[in-house]
Amino acid sequence: MGKRIGMEVSIAAAEAVKQCNVDVISAYPITPQTHVVEHLSELVANGEMDAEFFCVESEHSALSVCVGSEATGARSFTCTSSQGLALMSEITYIASALRLPIVMIIANRALSGPISIWNDHSDVMSIRDCGWIQFFAENGQDVYDQVFCAYRLAEDKEVLLPVIINMDGFTLSHVIEPIELIDQEKIDQFLPAYKPVLSLHPDRPVTMGGIALPGIFTETKKAQEVAIQSSMPKILETWKAFGDMTGRYYNPVETYKTEDAETVFVIMGSYGETASVAVDMMREEGRSVGLIKLRLWRPFPFEEFKKATLGVKQLVVIDRAVSVGARGPVASEVKAALYGEDQRPMVYNFVAGLGGRDVAPQDFIKMVDKAEIEIEEGNKEGYEIYGVRE
Amino acid sequence: MTENLNVYAVRTLTQKEYFSPGHRACQGCAEALAVRMVGKALGRNVIVASATGCMEVVSSPIPFTAWRVPWLHVAFENAAAVASGIESALKVLMRKGRVPSKKIVTIAMAGDGGTADIGLQALSGALERGHNFTYICTDNEAYMNTGIQRSSATPFGASTTTSPAGKVKMGQTTWKKNMPAIAAAHNIPYVATACPSYPIDLIQKVKKAANIEGPAYIHILSVCPTGWRSAPELSIKLGRLSVETGVFPLYEVENGKYHLNMDFPKLKPIKEYMKLQGRFRHLTDSMIEEIEKRVHKEYEELKEKAKKGV
């Protein structure tokens, strides 16, 4: 293992972007994304990074710039949160349809209203269907590592899709963690210079972004669906190659003490670490509890997820967002994934940690207590917003 | 610039077409004509970012294209931002040696809605940042692609589908937004107005804009027979009348200095321009007079600016 350095996760993320030799960075300030782009602007200002860095007048333009630069063959990066993501959401759909391998970090923050600068996943859930490959990072090292994996994967000629790395705002973005930085030499081998398949240049004129009449629109959407589904082997391959290089192996679905577990959490993002503490505490008491962490949200890892839940009696799915009027989005997905199985676990859905509300290991234990009792009593549709002060 | 105009000048233009025939624009569409001339002015070493709108729809039905130069359409309001990305990418890739160094002109193109309304913010940002690109607004004075809805560039009194002439309202009740002045207020090196009824003037201005270092803005009045309720064969004449009546003066703003390209000792009566268009059919003589007064006032103000050289 290399040397670990204590650094703010946002700074580590920016350092990774620098190491990827990104050509164009375009962003607009929004809390809690700011530290990432502030550090990038410093790196460019000090000549430590050769990139076009500019602050645009809105997030809509931030991503629009990346679409233009990526289409011209430049490795491009942007970073945003919450309202900023909502503003650029129109362009997220277009970037993926144009098959442009842009990488974006989202410092996840609640979506207004009421306005809140604190962490949950409601921002990214608003663009759940935008066609980008979407990762959720669990800790600072994960964020740093995924930047390299994201570019390598996105730019693979058989993938060519944009990638979002979700990094919990404040709880990840603003904390100082030990990060093992990777030598530039290794990165250069892992991530070769970007060679676009098609780019805008007068020597080979191409038309990008034409209009699709009803006779072709369905086919373009099918092509996009096939592309993202087919990216799964490449995702596994990328994480395997990264693991071989660093010793840190990542998987679409990570499990923790799930062997023989009767009750298993399903969680995305930084709550994975807190929940693992709760699992340890419950295991010490002899309770049969485990944890599933979804690292890959899109494409949804159906097969891996089904495999991970084999033999589990009940799932406690913790959503960090609410689809108002239709419960938690992760729980909906989980239920859909398991519907066709003969033996499927019961699902109890908690929406927790909205807008920065702290969820401690004790809370996770309380959730398991509640879910186990409710399911025992025959509640098949368990759903609640946890920790509401009444 | 128009002093160079003579009847033979058009023969000196390239016969090459970069916006090729076969596109689906309406008969008499002066916007398509403007785009074609812009293409001729720029040649092949260009990358175009188009906004959503008539020109995007008529030129790019998958799998066909009318574009013989690299072209990208992303959305309605962001042509200037997309062009910023293209320009920056060219700059950094040439600096890093990944794209051979040569002059490639970056163009952003949008209609009046995509410029004066929904795209104004992105345009202002790109002009302020000083990207080396040329922004071309093809202004047909309403949202023609969606069915002739009013924009902030629709002239006073014009009847559109969302500013209809009714029993109590007489069409558009606001005055046309002065986009060239807004662009010029960003202190960019070059702003110009043009009209495809004056092809040589238009082409020279586009060439000039492309050769200037930094942002340039060209506002092209583009007659739309469908939306203006005018005869397709009158598009060129209407463009000329817009200039000759003072409705759409041809001028340049170079480093802040105004220059009127065509001055007329006496402007033609505005009625000659308006009577050919169904969108003004409902206007009474007194309303036309009121409009004419405002047009003359603005024309005089422009002349003053040009005289003072500010």
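User: How many residues does the contact take from chain A, and how many from chain B?
Analyst: Keep in mind that this is a predicted model. The two chains touch, and each one brings its own set of residues to the contact. The count is 38 residues from chain A and 41 residues from chain B.

User: Which element gives the most to the side of chain A that touches chain B?
Analyst: Let's begin with the elements that give two or more residues to that side: β2 (24-27), β3 (52-55), α3 (59-71), α4 (82-97) and β9 (207-208) of chain A. With 9 residues, the one that gives the most is α3(A).

User: By class, what residues does that side of chain A have?
Analyst: Sorting by class splits this side into three groups. There are 5 charged residues and 13 polar ones, and the nonpolar residues number 20.

User: In β2(B), which residue is the bridge partner of Met208(A)?
Analyst: Here you can look at strands from the two chains. β9(A) is joined by 2 bridges to strand β2 (residues 71-73) of chain B, and these strands run parallel. Within β2(B), the partner of Met208(A) is Leu72(B).

User: Is Phe264(B) buried, exposed or partly exposed?
Analyst: Find it in the loop between β8 (257-260) and α10 (270-274) of chain B. A buried residue needs 20 or more other C-beta atoms within 10 Å, and an exposed one has 12 or fewer. Phe264(B) has 13 within 10 Å, so it counts as partly exposed.

User: What distance separates the C-alpha atoms of Phe264(B) and Arg24(B)?
Analyst: Along the chain, Phe264(B) and Arg24(B) are 240 residues apart. In space, their C-alpha atoms are separated by 36 Å.

User: What separates the centres of domain 1 and domain 2 of chain A?
Analyst: The domain assignment cuts chain A into domain 1 (4-246) and domain 2 (253-385). Taking the centres over C-alpha atoms, the separation is 28 Å.

User: Which element gives the most to the side of domain 1 of chain A that touches domain 2 of chain A?
Analyst: In this contact, 27 residues of domain 1 of chain A meet 19 residues of domain 2 of chain A. On the domain 1 side, the elements giving two or more residues are α5 (122-125), β6 (133-136), β7 (163-168) and α8 (214-246) of chain A. The side divides into 12 nonpolar, 11 polar and 4 charged residues. With 5 residues, the element that gives the most is α8(A).

User: Which helix gives the largest share of the largest nonpolar core?
Analyst: That core has 219 residues, and those touching the most other members are Ala13(A), Val147(A), Val163(A), Val266(A) and Ile107(B). At least three residues come from each of domain 1 (4-246) and domain 2 (253-385) of chain A. The largest share is 10 residues, and it comes from helix α3 (residues 79-95) of chain B.

User: Which residues does Val266(A) touch, not counting residues up to four places away in sequence?
Analyst: Val266(A) is one of the core residues that touch the most other members. Leaving out its sequence neighbours up to four places away, you get Ile292(A), Leu294(A), Leu315(A), Val317(A), Ile318(A), Val330(A) and Val334(A).

User: What radius of gyration does chain A have?
Analyst: Picture a chain with 12 helices and 16 strands, whose C-alpha atoms fill a box of roughly 70 × 55 × 45 Å along the principal axes. Buried residues make up 53% of its 390 residues. For that many residues, a compact globule would be near 21 Å, and chain A agrees, because its radius of gyration is 21 Å.

User: Where does Pro299(A) lie, and what is omega for the bond that joins it to Arg298(A)?
Analyst: Pro299(A) sits in the loop between β13 (296-298) and α10 (302-308) of chain A. The peptide bond joining Arg298(A) and Pro299(A) is cis, with omega about -5°.

User: Is Arg99(A) buried or exposed?
Analyst: This residue lies in the loop between α4 and β5 of chain A. Its phi is positive, about 60°, although it is not a glycine. The cut-off for a buried residue is 20 or more other C-beta atoms within 10 Å. Arg99(A) has 20 C-beta neighbours inside 10 Å, so it counts as buried.

Terms used:
Residues numbered from 1 in each chain as written. Chains lettered and ligands numbered in written order. Predicted model: local features only at pLDDT ≥ 70, side-chain atom pairs only at ≥ 80, totals over all residues. Contact = placed C-beta atoms within 7 Å. Helix = DSSP H or I, 4+ residues; strand = E, 2+ residues; numbered from the N terminus. Nonpolar A, V, L, I, M, F, W, Y, C, P; charged D, E, K, R; others polar. Pairing = 2+ DSSP bridges. Domains from an automatic or database assignment. Core = buried A, V, L, I, M, F, W, Y, C linked by C-beta atoms within 7 Å. Rg over C-alpha atoms; globule rule 2.2 N^0.38 Å.
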